[in-house]
Amino acid sequence: MSFSPEELVALVTQATLLQERLGGPGVVVNGPEQDARVQAALDQWVQLVAKADQADFEKRLAWDGLTLDSVRAALLSAPARVDSIPGWATLLSDAVHLARSLLGSTLEDELPILPLYADPEHALPYQDVFIPFVEVARQRVLAGAGATYDLLSEVAHAGLERGLLERLTELSARCLELEFSIARLAHRNRPASGNLSGWRTTEPSRFRYQSFVRNLYQGGLARLLKEYAALARLIGTVMELWIETTREFLHRLDADQVALTQGFQLDPPAYPLFPIQELKSNLSDFHHRGRTVLQITFASGTKVIYKPKDVGLEEAFYQLIDWMNHQSLRLPLRTFAVLNRGRYGWVEYVPHRPCQSEEEVHRYYQRAGMLLALLYALEATDNHHENIIACGEHPVLIDMEALMHQRTSREVRLDAGNTEAQTHAAELLNQSVLRTGFLPIWNFRADGQSFDGSGLSATPGQETGVRVARWDQVNTDQMALQTEYYRLEHAANLPTLNGQPVSLADYIDSLVVGFQEVYECLMTNNAVLLGESTPLEPLFAQSVRFIFRNTGRYFKTLENALLPKFLRNGIDRSIVLDAVNAPLVEADATRPMGWPLTEIERQALEIHDIPIFTLAATSEVLDDTTSEGQIHYFDRPVAALVRERLASLSHEDMEQQIAFIRASLYSRVMRPAGSGDWYYAAAELNNTVSLSADELVAEAETIAEGLQQRAIRSRDGSLSWIALGYVLYAKRYRLQPMDYDLYNGSGGIAFFFAALAHITKQPRYHEMCLGTLKLLRHHLYEPTVHDRLAERIGLGIATGLGSLVYTLARCASFLNDPKLLDDALQAARLITSERIEADEHFDLARGTAGAILALLTLHQQARSPELLEQARLCGEHLLRRRSPTETGHQAWALSDGKCLTGFLHGAAGIAYALFCLHDETDEVAFYEAAQEALAYERALFVPEINNWLPYAGAPTKAIMTTWCHGAPGIGLARLANWPKRADETTREEIECALTSTQELGLRGIDHLCCGNFGRMELLTVAGQQLSEPTWHDMARRWASQLVRRKQEQGNYLFSPDIPADIYQPGLFTGNAGIGYALLRVAYPDQLPSLLLWN
């Protein structure tokens, strides 16, 4: 069965895309059923592109000159006529016809033998279905290629055909899975029948699958394609493009026989040049009408890469490398052969090879630093793990399309006078060495999983944030589709020694040496590079790529567009593809400058391509044109940006970039906080003379001076910092501009400045506090900004909305500033009932327990019934969300099912918040829940070591002795309720916590969260609550010892994995927190306990 002419016309009509209906004459189709379909399509469109916001949706339509009425009219119409059947539809008709001819007319007839490209050992889902489609495409290539077809061996042709099969199965698998599931359900209760002797396998587990495929061959394909008309069009279009690009490749291969022989030394007498022996396809994203990178292997074994784009940039870059190699560098950088043919080219295959010695590894990383300096100077980006090959002691860049990456006119320049401080800090990083994509930077999923995809340090096996399909029991009756996070598979970017990847941590200095050498070389040759006959001239003569949008966004959009519900007609597919614009619709009130580019994006996505934009390095105008003409998206050419970068090179900038390099590399190797193993025995402190209160305050002022010196300032008075911030939920460090939170953000620094102003009465600290809070206070009154902030950071008092409330409330108290109190009330309004109900974290750090403490703190200052009601809602949420535990008590489970003990994340902290809430409301349920949480925690006490297991079933080696986890924090929580809830058990727990903390003494991490100063707060609070000053005296001796050590060594210690000179400004894991702890030790009765948030 094939398509009749009328059926093809109907198929083409049903597959018509939205833009085609908007742009051409049509016939209006009226009726209730059609009206309902149109409304359903509009509702879906509003949801996908504007999150159900009708005003935003109509704004988006207006950007294209459309109205709701004009769109509705287009959806109600059908094309007036189909003048001719497009090529894609003809290909489908031929494939359907061929499928029927490949099979007999009875159920016992044999399925066609699998061709070479459908390897059963590496079967693709439903690959049997697409043999007729690949065969039709192959025949078209054969008919049009002439003698060039024989340039490839049968195996090499199979490689090309395998590429088409992969695409067709990817496009269709979800629809086929739905149809196969329906077929299996229909046959579930029917006994299997039929003679299986003619099948390729006699395993019963393939009977239903083969029956499903046979039904498609015997007429079901036509029905399937008519049901999923948008999929039909996509399949036919991909076939059409594959035929076109394959013929093109063969003709280019034929035309370049002599050039390839000369350029890649392919003329050994023992081997004929053709036919090509092997071919690998689909080695890159698809651009420019289905074109992709290929790898070919000649009979000699030589491999060459075919790139269906201009490789002039590769050629020019390696000419520059060659020039650099003649500038007396200690090590030469590797180049590779390039054959540039204008619109396409051939490049040398670079293999992944191991290093042979430790010296080669050092040279590898030195060259990596050299390459990094060059990439920085050339405004490069996107040099991720797939673009770097470790070839022995040489890091080799194999894809140059993100060299000289253009910046839009909207991107902020590095002028602190014209930007807010936080924006300026972000731009400092954005225009630093980190922009290259070569250095490690952690990316985080919502569940805290982290991954690094950088060119220098991405490792295989990491789970990314992208979910991909995984097929189980492929092409059997039990075939099932699962999804899982994509894991990085390749390690070709990593050098190896003795069969193992080497540790980056051991070679940081080598990389810095290489970076510094090339940076200084560029400075030395600045006049030559900026002169008229510059070695950069070949680069400036090229076209460069502009990345308008993250490629991951395109992949996600295309993946969603393959769901069956979007493939039944062209309208639905057009609507789901428009979802790529949702971020622009949400972020911009007026038509974005880059909106014309969405037309080019749409055209690429419609044929399942990844959009790509290019422009000449000396031009501000994109090569692509739209219905609005040329796109002026830039204020100066990228060649000018490169010249500006080279002109700005300086020793000061070099030192800043080296600091960024070191911080980035250390973030990759730093262990989670709390894992330090440096010890300072308590016995060494017995004779320590304690510093006076004035001396402790003087040290706090020294810390404040360091913060002032490192602040990034704006002319509007706002301040920000760049830091290796500890991302609490991911347990990783990342170099980034400081966020607003209390834990590791600018809010914590403002808190310290306010406390210092309160103690010293110095106006400059008052001003520093207000400057640090300036941008946060402004954003709290911008609905779009504060809503996004609220959704991003959660509710807790460490890193969430609660941290903003607490920061502003305490600063208002320290500075006696009622305006800050108003700002705290504004921040509290963001803790809505909907956000409380959605909370899944529960703890103090990120969850509703933390929000309770923040709201109660503000309530004590503002005495607002609304605040108390919000706190009550948080408490009720905690009551509802308890889980049973192994001990028989109820507590709060994390996403992995563990119910933690401890203060910051566990039962001690949540119970503390519920006790505080009970004290304000007198509601017994809160008290009882808190007591049950304590009972759970007490069940996990380990008396031999005076500490608590972190969760039921945990090994004792998992026990920590820090404020956030373990005895010091648990003891602090018990002390907070003393003497109000004094009993023998609580007193014993306090004594145990004090004993384990005292016995531990001083360790190798100083900060509040997991270090010495955090444990010290237990001693200070014990002295206050128990009226035993000896504990506070011990805290002062410890503080004095750490201050004197810092004065001798130059720095406090924040991680066992990084040098002490990596500056950490934050409150809970940095210098600001130590500053506050010193003030607190000096004047415990004048400052609240930060670690109790009281």
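**Loops, helix pairs and domains**

Pro979 is found in the loop between H35 and H36, where helices (H or I, at least four residues) and strands (E, at least two) are DSSP runs numbered from the N terminus. The model is predicted, with local features needing pLDDT of at least 70 and side-chain atom pairs counting only at pLDDT 80 or more, while totals for chains, interfaces and linings use all residues. Residues are numbered from 1 along each chain as its sequence is written, and side-chain values use heavy atoms, with hydrogens and water left out.

The bond that leads into this proline, from Trp978 to Pro979, is a cis peptide bond with omega near 0°. The two helices on either side of the loop, H35 (residues 967–976) and H36 (residues 984–1000), pack against each other at an angle of about 145°, with 8 Å between their axes; axes are lines fitted to C-alpha atoms, for helices over the stretch in contact, and angles run from 0 to 180 degrees between N-to-C directions. Their crossing is left-handed (the near helix is turned anticlockwise from the far one by less than a right angle; clockwise is right-handed). On the H35 side the contact (heavy atoms within 4.5 Å) is made by Ala967, Pro968, Gly971, Arg974 and Leu975, and these face Thr986, Glu989, Ile990, Ala993, Ser996 and Thr997 of H36. Sorted by class, the residues of the contact of H35 with H36 comprise 5 nonpolar, 4 polar and 2 charged, where Ala, Val, Leu, Ile, Met, Phe, Trp, Tyr, Cys and Pro are nonpolar, Asp, Glu, Lys and Arg charged, and the others, Gly among them, polar.

Another cis peptide bond joins Phe274 and Pro275, with omega about 5°, and Pro275 has its place in the loop between helix H11 (257–263) and strand E3 (278–280). A backbone feature of another kind appears at Ala52, which has a positive phi of about 70° although it is not a glycine; Ala52 is found in the loop between helix H3 (32–50) and helix H4 (54–63). Most residues other than glycine have a negative phi, and most peptide bonds are trans.

Helix H3 also packs with helix H5 (residues 68–76), at an angle of about 130° and with axes 10 Å apart. That makes H3 oblique to H5, since angles under 35 degrees count as roughly parallel, over 145 as roughly antiparallel, 65 to 115 as roughly perpendicular and the rest as oblique. H3 passes H5 in a right-handed crossing. From H3 the contact draws on Gln34, Asp35, Val38, Gln39, Ala41, Leu42 and Trp45, and from H5 on Leu68, Val71, Arg72, Leu75 and Leu76; the residues of the contact of H3 with H5 are 8 nonpolar, 2 polar and 2 charged.

Helix H1 (residues 5–14) meets helix H6 (residues 87–101) at an angle of about 130°, their axes lying 11 Å apart, and H1 and H6 are therefore oblique to each other. The crossing of H1 and H6 is right-handed. Here Leu8, Leu11 and Val12 of H1 touch Trp88, Ala89, Leu92 and Ser93 of H6, so that the contact of H1 with H6 has 6 nonpolar, 1 polar and no charged residues by class.

For the wider layout, the protein chain is divided into domain 1 (5–84 + 549–610), domain 2 (674–710 + 960–1093) and domain 3 (741–899), with bounds from an automatic or database domain assignment. Between the C-alpha centres of domain 1 and domain 2 there are 60 Å.

A search of the whole structure finds 43 aromatic pairs, a pair being rings of Phe, Tyr and Trp (its six-membered ring) with centres within 6.5 Å, where planes under 30 degrees apart count as stacked, over 60 as edge-to-face and the rest as tilted. One of them is the tilted pair of Phe249 and Trp346, at 6.2 Å centre to centre and with 50° between the planes. This pair links distant parts of the chain, with Phe249 in helix H10 (residues 229–255) and Trp346 in strand E7 (residues 345–348), 97 residues apart.
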